[in-house]
Amino acid sequence: MACARMVKHLRLPLLLLLLALAAECNSMSPPEKPDKLGCRSPDKETFFCWWTPGSDGGLPTVHHLYYKTEGQENMRQCPDYHKAGSNSCFFSKTSIWVEYTVIVEASNALGNTSSDPLTFDLMNIVKPFAPENVTVVVNIEDSPHLTIQWHTPSNIDTKSGWVTLKNQLRVKPDKSKIWKNYASETQTHFTIYSIDLGVVYMVEVRCAIDNSWSEWSNTTFVKVPNFSRKDNSFWILVFSLCLIPLLAAMIILILKRKTVKKYILPPVPSPKIRGVDVQLLKSGQSEDVINAMLLNQRFPVMIPWKDQKEDYLIVSDKETSYLPLEKKKIFILPLAMALDSEVQSKETSEVDHFPKDSESSSEESSDKTESSQLLTKCSSANVLNDEKANRLKGVTEKIFQPFGIGGYVDIPRHEHMQEADYSRVNEVNGDNILIMKKENIPHTLDTQGQEGSVPDNYSMVKEVNSDNVVFLEKHSESVNASFKAKGYIDWVNQKPKNLHMTGHSEMGVCPQLVGCEYVDTVPPPAVI
Amino acid sequence: MPGNIRSVSVVLVGLLCLVFCSQPTSLDAAPLCTNAEAGCHVLSLANLFDRVIQHSARMHSISNDLHSEFELYFLPSKNQIGRVSRNCHTSNILTPNGKENAQRMAREELTEVILKLLVAWRDPLWHFHQSMTHFHDFIDFSSNKSLKMSDMVHELRKGVQKVVEKMQMLGILSNSVSSLMSPEAFLAPGSAEWRLMKDYELLYCFRRDSNKVQNYLKILKCRIVPEDGC
């Protein structure tokens, strides 16, 4: 009795306990249906399938994959659950162009759950893996280019022709967003030439079987250097070597620019008048101009023509002054002009010096010039030529009238002179001195333009002493003589003064010439 | 001037030579010759194989496109068991179902299989094209593809026949294949089954068979003339 009552009382808690136990058991359930079945063949010969398992229902769950091909009735189990990883099945022996049907079943203690079946043909699930070992080599020696090489995925049989691979690669600069695709049919290498220096490039490769493309390979980064170091240093060296001589040449040119300028642009000779200062002219003082033009001018000295012919002076007598005049020509000429066309002058320095009764420093023809000067100056005196005078060489007929008024006697070139016209040369002293014979014919050459008349102020040359001394005869005839003497004396007296006044150079020729009017080249005293 | 004339004449002669001398090489690109007529340059076997393989690849891609379009517009759901009857009219032709099987098969047999397949599809495709033109729901540009497909099957068969002839000429292939050349030999009773097939099934079957032809040709080529590309 008491037991029955106890059981009655225990029934409710037991029931509650059982219910509680049952409630606990309800959290365990059969597994969920596996989901997301997928299959893939990387080489058109094998394939593998994978699935995503659902919840296991709290109990340890196993998954099984079952498949069957078309034409078969029974499902077969997966041959390899491990090779392709967890939750996968790997098929090594396959048939193509047959439909496969695959089912995955999850089972635990409480039950089984099957996934949706998947049907496929092997030819439709072909998708190769990405290429392996992608290497990119940068080469900038000749022209910058990238050489890309890769390997086909393993286990793909292209030799038998079962699989034909196509390749494709894409390149882009690091900063850009646009990929550039290149197709490489069956080659596993490729060269890209259009790359820029100093840019980082990203390269990816993929392949395809029967137009089914793989994923892109892992990106390979490559940096193209900025320049070729070897080239750069070489060119720097060449450049600097070329620069040094250039710089040196420039410096030399700058330092010697004046010389260079003279060399390149030689100065054009401009006409110059000796002794004329152009700057002075430019300054424009007319007096200076006149001085420059007239006074400073040195007239060329007429050098007696060095002829072998000997010419001599012809001085006409008073009496014989009526002789035909063909041999005499009396001129009054302006300053410093040659009398005759026959006058031949040599333009030498001595010629220049001549009008000034030039210095004794005139070297070469000094003797001759002296003689000529001597003769001409003393032409007013009775200087007669003789045949001996022919020995006088270098004497021309050139007669110069120095500054001042004077007359000229034209000396014809007759070698043979009539004696009547001439006074005899008595003696020749030295080279150039004529010593006249004393004649009774006191005639002097009229050089004032009167033919044959003997001017009063002339006297005959009495004697020539030494090189430059000529002694005149005294006239004792008339007042003229006295006058002459006077003049003579005066002249003599004056002479030294004049001589001294005129200075040095003119004296050198005829310092003590007395009675000659033409000793001086300065404006003559108004003796006459 | 004479130098100029001479150089110009040399250039002209050179151009003329190029024009005339290039003609023999251009004959390589001439269409396939029948019976090796005189003056017709015979292509090499490898070139012939390459041509037919390219042709078959093109054919398969067109059939693939057609099938995808058809599936897109008329049959949206996939993964259906029993969706396709899988009863192609060419199922009775024994075809190797894998690489090893195809490699183990003799050349003559393989060649026969190819030819049989090609012959079997000529009429069905033509009728398919005819039915498509009447079927206005079908997209217009697809009708071009169906026409192209039927033409290509015809051309490919002729091309393969040329290859077989060449191989027989070269002694690579025995003459047992020749008996199967005529199309009538392939017309077996029951070949009219294709009329019962629906259009979609027809496309599905043809897609598979064109892939078979392409692969068989490749295997054959790499076995007989293993050049680059294998």
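Modeller: A polar contact is a pair of N or O atoms within 3.5 Å; within protein, one must be able to donate a hydrogen and the other to accept it, and residues adjacent in sequence count only if both atoms are side-chain atoms. What you see is a predicted model: local features need pLDDT of at least 70, side-chain atom pairs count only at pLDDT 80 or more, and totals for chains, interfaces and linings use all residues. Residues are numbered from 1 along each chain as its sequence is written, chains are lettered from A and ligands numbered from 1 in the order in which they are written, and side-chain values use heavy atoms, with hydrogens and water left out.

Colleague: Let's start where the chains meet. How many residue pairs are in polar contact between chain A and chain B?

Modeller: The contact (heavy atoms within 4.5 Å) takes 23 residues from chain A and 21 residues from chain B. With both residues at pLDDT 80 or more, the residue pairs in polar contact between the two chains number nine.

Colleague: Which strand gives the largest share of the side of chain A that touches chain B?

Modeller: Helices (H or I, at least four residues) and strands (E, at least two) are DSSP runs, numbered from the N terminus. Three residues, the largest share of that side of chain A, come from residues 118–121, which is strand β8.

Colleague: And how much area do chain A and chain B bury between them?

Modeller: Buried area is the accessible area (1.4 Å probe) that two parts lose on being put together, summed over both. Carbon and sulfur atoms carry 48% of it here. The total between chain A and chain B is about 2100 Å².

Colleague: Which residue of chain B forms a salt bridge with A:Asp210?

Modeller: A salt bridge is a side-chain nitrogen of Lys or Arg within 4 Å of a carboxyl oxygen of Asp or Glu, and there are four between chain A and chain B. A:Asp210 also belongs to a salt-bridge network that includes A:Lys44. Across the chains, with the closest N and O atoms 3.8 Å apart, A:Asp210 meets B:Lys218.

Colleague: Staying in chain A, which side chains of strand β3 point to the buried face?

Modeller: Buried means under 20% relative accessible area, exposed over 50%, partly exposed in between (1.4 Å probe, protein chains only). Side chains alternate along residues 62–69, and A:Val62, A:His64, A:Tyr66 and A:Lys68 take the face that is not buried. The buried ones are A:His63, A:Leu65, A:Tyr67 and A:Thr69.

Colleague: A:Tyr66 sits in that strand, then. Which residue is its bridge partner in β6(A)?

Modeller: Two strands pair if DSSP finds at least two bridges between them. β3(A) pairs in the antiparallel sense with β4(A) over two bridges and with β6(A), residues 99–108, over eight. A:Tyr66 has A:Gln77 as its partner in β4(A). In β6(A), the partner is A:Ile103.

Colleague: Which residue in the turn between β3(A) and β4(A) has a positive phi?

Modeller: The two strands form a hairpin with six residues between them. The phi in question is about 95°, and the residue is A:Gly71.

Colleague: How many residues apart are A:Arg40 and A:Glu215, the pair in a salt bridge?

Modeller: Their side chains meet at 2.8 Å, N to O. A:Arg40 is in strand β1, while A:Glu215 is in the loop between β15 and β16 of chain A. In sequence, this pair is separated by 175 residues.

Colleague: Over in chain B, what pattern do you read along the sequence?

Modeller: Chain B has six helices and zero strands. Of its 230 residues, 41% count as buried. The pattern along the sequence is α-α-α-α-α-α.

Colleague: How many residues of α6(B) are buried?

Modeller: The helix runs over residues 199–224 and reaches 37 Å from its first C-alpha to its last, close to the 38 Å expected; that expected span is 1.5 Å times one less than the number of residues. It is largely enclosed by the rest of the structure, because the buried residues are 24 of the 26.

Colleague: Is B:Thr111 buried or exposed?

Modeller: B:Thr111 is found in helix α4 of chain B. Beyond its neighbours within four places in sequence, B:Thr111 is in contact with B:Val164, B:Met167, B:Leu173 and B:Leu220. At 1% relative accessibility, B:Thr111 counts as buried.
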